[in-house]
Amino acid sequence: AYREKVQLTASTLQSDKEELTYTYRENAAAELEKLQQDHNHDNPVVDIRYGLDATQIHSTTKEKWDVITFHHPHLGLQTLNDDEAYHARRHHILLCHYLHSAKRSVTEGGLIHVCLCGNQAETWQLMLAAKLQGLELVRTISTQTPFHAIWCGGGGEDDRGMMEVFREYEPRQGEAAPRRYRNGRLGSRHFLGRYGYKHRRTEGERHAGGHLDMNVSGSMHYVFGASQNPDTTTAAEVTDDSSNYQCRICMEQYTTNEELGRHQTAPALPIYDAAGEPSIDRVVTPNDDGNQPRQLQLKLQQSQ
């Protein structure tokens with residue numbers, strides 16, 4: 001949609017190209033080819049990172065991005081049927097650690113995005129997760145809105161100027177996703193559906209059931225920035241007792257230092273089902289050279 005206007009880093013939890021294309025056999029190969037075409041023609045920098053955990057961005061690279069985005073973070077449905085409260089808690093932990101890592105990986109004044117659907121924001125306590133990381137909500141945006149409103153705002157006069165700078169290109173012929181991803185049949189009319197965006201199950205074509213698509217009714221973009229409120233208490237400030245084995249990021253309690261260490265290394269990985277359910281991350285960003293128009297360095301994170 002933005003081509004040379006955006007410097008893109010795409011990432012996935014899958015360890016390599018082979019695992020990614022095996023898991024998402026219907027789509028991955030074509031999407032990778034499209035990214036390579038953009039790399040060769042329109043966008044000089046389309047970087048793909050494999051094996052990147054959304055909760056460990058800061059420990060994987062010292063790079064900084066202007067915007068980090070994560071569409072539909074999810075750890076699979078395996079725990080939902082067994083214990084809804086535990087399922088919600090696992091996703092709250094995922095959000096806490098993603099927001100913590102992303103905050104440490106954005107430029108000064110950078111933005112952190114997450115897209116959730118239905119009542120996930122409430123059930124998974126998104127706002128609490130953000131507060132614990134010293135973040136505040138900048139804006140919420142419908143997924144039908146042009147995607148660049150995430151970083152441009154789209155409200156005041158200055159915002160409208162930036163919206164025009166980042167105005168999207170017309171889709172190429174044949175680029176749009178199938179109609180069911182664009183007409184609301186699956187609960188969303190995502191703006192990027194015209195450019196091929198699809199939301200698929202965490203486990204992709206490995207899913208043991210009959211439906212590979214997920215209904216994402218009520219999807220919203222939530223955009224956060226560093227809190228300007230001096231009274232905001234972060235999780236790191238809540239616990240200051242080294243003998244208390246509590247994670248300072250998500251406030252989860254453990255009984256030993258070893259347990260806490262394992263949690264902090266991999267706080268929220270998918271639980272595999274009988275079909276061998278994996279997970280996929282993706283990340284996006286804007287680049288600032290001090291001039292306007294600026295090239296956006298965008299980090300996209302697909303559902304985990």
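Start with the cysteines: a search of the whole structure finds zero disulfides, a disulfide being a pair of cysteine sulfur atoms within 2.5 Å. This is a predicted model, in which local features need pLDDT of at least 70 and side-chain atom pairs count only at pLDDT 80 or more, while totals for chains, interfaces and linings use all residues. Residues are numbered from 1 along each chain as its sequence is written, and side-chain values use heavy atoms, with hydrogens and water left out.

Select C247 and C250. The closest cysteine sulfur to that of C247 is in C250, 3.7 Å away, which is too far for a bond. Add C96: its sulfur also has C250 as the closest cysteine partner, at 5.8 Å, again too far for a bond. C96 is buried, with a relative accessible area of 0%, and C247 is buried at 0% as well. Buried means under 20% relative accessible area, exposed over 50%, and partly exposed in between (1.4 Å probe, protein chains only).

Next, select helix 4, residues 84–103. Helices (H or I, at least four residues) and strands (E, at least two) are DSSP runs, numbered from the N terminus. From first C-alpha to last, helix 4 reaches 28 Å, close to the 28 Å expected for its 20 residues; the expected span is 1.5 Å times one less than the number of residues. Of the 20 residues in helix 4, 15 are buried. At its start, show the side chain of D83: one of its oxygens comes to within 3.1 Å of the backbone nitrogen of A85.

Go back along the chain to H72, in the loop between strand 3 (65–70) and helix 4. H72 is not a glycine, yet has a positive phi of about 50°. Most residues other than glycine have a negative phi. H72 counts as buried, at 5% relative accessibility.

Now select Q125, in the loop between helix 5 (120–123) and helix 6 (126–132). Q125 has a positive phi too, of about 55°, and is not a glycine. At 38% relative accessibility, Q125 counts as partly exposed.

Move to L137 in strand 5 (residues 135–142). L137 is partly exposed, with 38% relative accessibility. Select G225 with L137: the two are 88 residues apart in sequence, but their C-alpha atoms are 6.6 Å apart in space.

Which residues line the second largest cavity? Select H72, R180, Y181, L186, S188, H190, Y197, K198, H199, M214, V216 and S219.

Methods. A polar contact is a pair of N or O atoms within 3.5 Å; within protein, one must be able to donate a hydrogen and the other to accept it, and residues adjacent in sequence count only if both atoms are side-chain atoms. On a 1 Å grid over the protein atoms alone, a cavity is a set of points where a 1.4 Å probe fits but cannot get out, and a pocket is an open set with protein on both sides within 12 Å along at least five of seven lines; lining residues have an atom within 4 Å of a point.
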